Amino acid sequence: MSPQKIYILGGHQSDFAQNAARADQSVAELFIDTVRSGLTACKLDAAEIEVGHVGNFVSSLFSGQAQLGGFFGHVDPAMRYMPASSHEAACASGSMAILAAMTDLEAGRYETACVLGIEIMRNVSGDKAAANLRPAAWASQEWTETDFVWPCAFNNMLSLYEERYSLNKDHLYAISQQNFASARRNPNAQTRQWQFNEHSFSNDDSANPVVSGNIRKQDCGQITDGAAVVFLATESKAVEYAARHNISLNSIPTIKGWGHINAPISFKEKLQLSEPEGYLFPHINTLFQQTLKRAGMNGLSAIDGLEVHDCFNITEYMILDHSGLYAPGDAWKAIENGDISKTGKLPINMSGGLMGLGHPVGATGVRMLLDSYKQIAGAAGNYQIDNAKNVMTFNLGGSATTCASFIVGKTNA
C-alpha cells in the first residue's frame, strides 16, 4: 500500500529581525500571531485544522513557558479543543513536529495539520543563552570545560576536517559570504541590513574576531527570535482546497520524500563510527540516500536546491561533503565551481540559511520546509531559484545527533 500523499497548503514566517523582548512580545503572542497570519495567508479557516504539532527546544528555559500546544486554543475558538503535542530534538525539533504531523495524516487520524516551530532566545544574556543550549550535547559529559559548547564542538569538527583533508578556511568564508548575501534578498532575514567590509570574511581579529579555536564571528549562525508555520493536508483535503480556490491540485507542493536518523549523542562515539577512508559521519550520507530513495530519485541530479543546517559554515560544508555531490573530502570543488550559487547546479540556502536568515532553534526545521514550499510554488521572491521543481532540506540537532530531511516538489515534476 502506497503511503498517503501529503500536501503543503502554505504557511507563514515571522520577521526574524524582530527582537521579541524589545518589542515586549511573549512566546504566547508570537505563537498566536504566527498561526493567525498563516491561516490568513493560506485562506484557511481555523475550523478546518484538525490537529496541531509544535517544534520547540528550550522555551521553558528561555521564556519560563512550556506546554506550548495549549496556545492553539487561544488562536481561535475553533481550535479550543483541538488535539496538539510538542516535540523536542534540539535544533531538529521542527522537523520532528513535521514528521509527527505527517504520521497523523498518513494514518488517517486527521486530514489537516498545523505545524508550528517557535523559539524566543534573545531575551537573556549571552552566557545564559549558552547555558540553555548546552543540553543539546551530553551536558554532563561533553565540552564541560567551556561555557560556550557549540563553537567549541564545531571547532572540533573543523579540526577533524583540517586533519583529514587539509581544509582551506577560505572555502568556509565563501559559504558565509554567500549566505549573508542571500539574506539581503530575504525580507524576513535577521541580517538583511547587516554591513560587512573586505576584512569581515578573513582571519582579521578586529573585523572577524575569534570565538573558539578556529571559529570566528562570521563562521557562526545567528540565534534568533522567531516562528514559522506550515499547514499540511491529505490528498482528499487538498482536492477540496484546490477546488475552493480555483487552482490545480498539481500546483500544490507535496512532501515527496523524507528521512530521519539518529546517532549516539556522544560526539566521540560518532567519530568511532567514522569511515577512515570515507565519510566522517556515515549516517549523514545514509540520510541523504534514504530521503532520495523514498522520493523515487536515484541521486541529487533531480534536486534543484538545498536548505541545509548551517549553524556554522563548517556544518554546511560537512553536509555538502556527505551529500554525494563529490567524493568525501572534495566538497571544496562545489564551492570553487560555483555549484552552490543561485545559478549553480545545486543552490544552497538561498534563504540565507541559519547564518543569514537566523536560527530560532525550534522553528528552523519548519522554516526550511516553508522555504522549500515557497521555491516550488514560485513564491520565494528575490531569492527564487529559477524553475525549481524539487527542493530538499537537511536539518540536524546537536552534534549531528538527530537528523531529518524532506524533499518538496510537485506531483508531476
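**Exercise 1. Two helices that cross**

At roughly what angle do the axes of helix H6 and helix H10 cross? Work it out on this predicted model, then list the residues that make the contact.

*Solution.*
- Step 1: Find helix H6 at residues 169–183 and helix H10 at residues 313–321.
- Step 2: Look at the axes of H6 and H10, which come within 9 Å and cross at roughly 105°.
- Step 3: Give the crossing a name. Angles from 65 to 115 degrees count as roughly perpendicular, so H6 is roughly perpendicular to H10.
- Step 4: Pick out the residues. H6 brings His 171, Leu 172, Tyr 173, Ile 175, Ser 176 and Asn 179, while H10 brings Asn 313, Ile 314, Glu 316 and Tyr 317.
- Step 5: Sort them by class. You should get five nonpolar, four polar and one charged.

**Exercise 2. Into the core**

Which residues have the most contacts inside the largest nonpolar core? Say which helix gives the most to this core, and then follow Ile 314 to its partners.

*Solution.*
- Step 1: Start with the general idea: in soluble globular proteins, nonpolar side chains tend to be buried together.
- Step 2: Now go to the largest nonpolar core, which has 61 residues; Trp 150, Ile 303, Ile 314 and Tyr 317 have the most contacts inside it.
- Step 3: Helix H5, residues 149–165, gives the most to this core, with eight residues.
- Step 4: Zoom in on Ile 314. Skipping residues up to four places away in sequence, Ile 314 touches Phe 154, Met 157, Leu 158, Tyr 161, Leu 167 and Leu 172.
- Step 5: Don't stop there, as a second, separate core has 33 residues, including Leu 44, Ile 49, Phe 71 and Met 79.

**Exercise 3. Two residues with polar contacts**

Are Thr 364 and Ser 351 buried or exposed? Find the polar contact of each side chain too.

*Solution.*
- Step 1: Place them. Thr 364 sits in helix H13, residues 364–377, whereas Ser 351 is in the loop between helix H11 (331–336) and helix H12 (353–356).
- Step 2: Check the cut-off, because buried means under 20% relative accessible area. Thr 364 has 0%, so it is buried. Ser 351, with 0% relative accessibility, counts as buried as well.
- Step 3: Look for polar contacts. The side chain of Thr 364 pairs with that of His 359 at 2.6 Å, and the side chain of Ser 351 pairs with that of Glu 307 at 2.9 Å.
- Step 4: Leave out neighbours within four places in sequence and list who else is around. Thr 364 is in contact with Cys 91, His 309, Leu 354, His 359 and Asn 395. The residues that Ser 351 touches include Ser 182, Ala 183, Arg 367 and Tyr 383.

**Exercise 4. Loop residues**

Which loops hold Ala 90, Asn 387 and Glu 277? Decide how accessible each of them is.

*Solution.*
- Step 1: Ala 90 lies in the loop between strand E3 (84–87) and helix H3 (93–106). With a relative accessible area of 5%, Ala 90 is buried.
- Step 2: Asn 387 is in the loop between H13 and strand E10 (390–397). At 59% relative accessibility, Asn 387 counts as exposed.
- Step 3: Check the backbone. Phi of Ala 90 is near 55°, a positive value in a residue other than glycine; Asn 387 has a positive phi of about 55° although it isn't a glycine.
- Step 4: Glu 277 sits in the loop between helix H8 (267–272) and helix H9 (282–294), and its 79% relative accessibility makes it exposed.
- Step 5: Finish with a distance: the C-alpha atoms of Glu 277 and Asp 104 are 41 Å apart, with their positions 173 residues apart along the chain.

How values were computed: Residues numbered from 1 in each chain as written. Predicted model: local features only at pLDDT ≥ 70, side-chain atom pairs only at ≥ 80, totals over all residues. Heavy atoms only, no water. Helix = DSSP H or I, 4+ residues; strand = E, 2+ residues; numbered from the N terminus. Buried < 20%, exposed > 50% of the residue type's maximum accessible area, 1.4 Å probe, protein only. Polar contact = N/O pair within 3.5 Å; in protein donor to acceptor, adjacent residues only side chain to side chain. Contact = heavy atoms within 4.5 Å. Core = buried A, V, L, I, M, F, W, Y, C linked by side-chain atoms within 4.5 Å. Axes fitted to C-alpha atoms, helices over the stretch in contact; angles between N-to-C directions. Parallel < 35°, antiparallel > 145°, perpendicular 65-115°, else oblique. Nonpolar A, V, L, I, M, F, W, Y, C, P; charged D, E, K, R; others polar.
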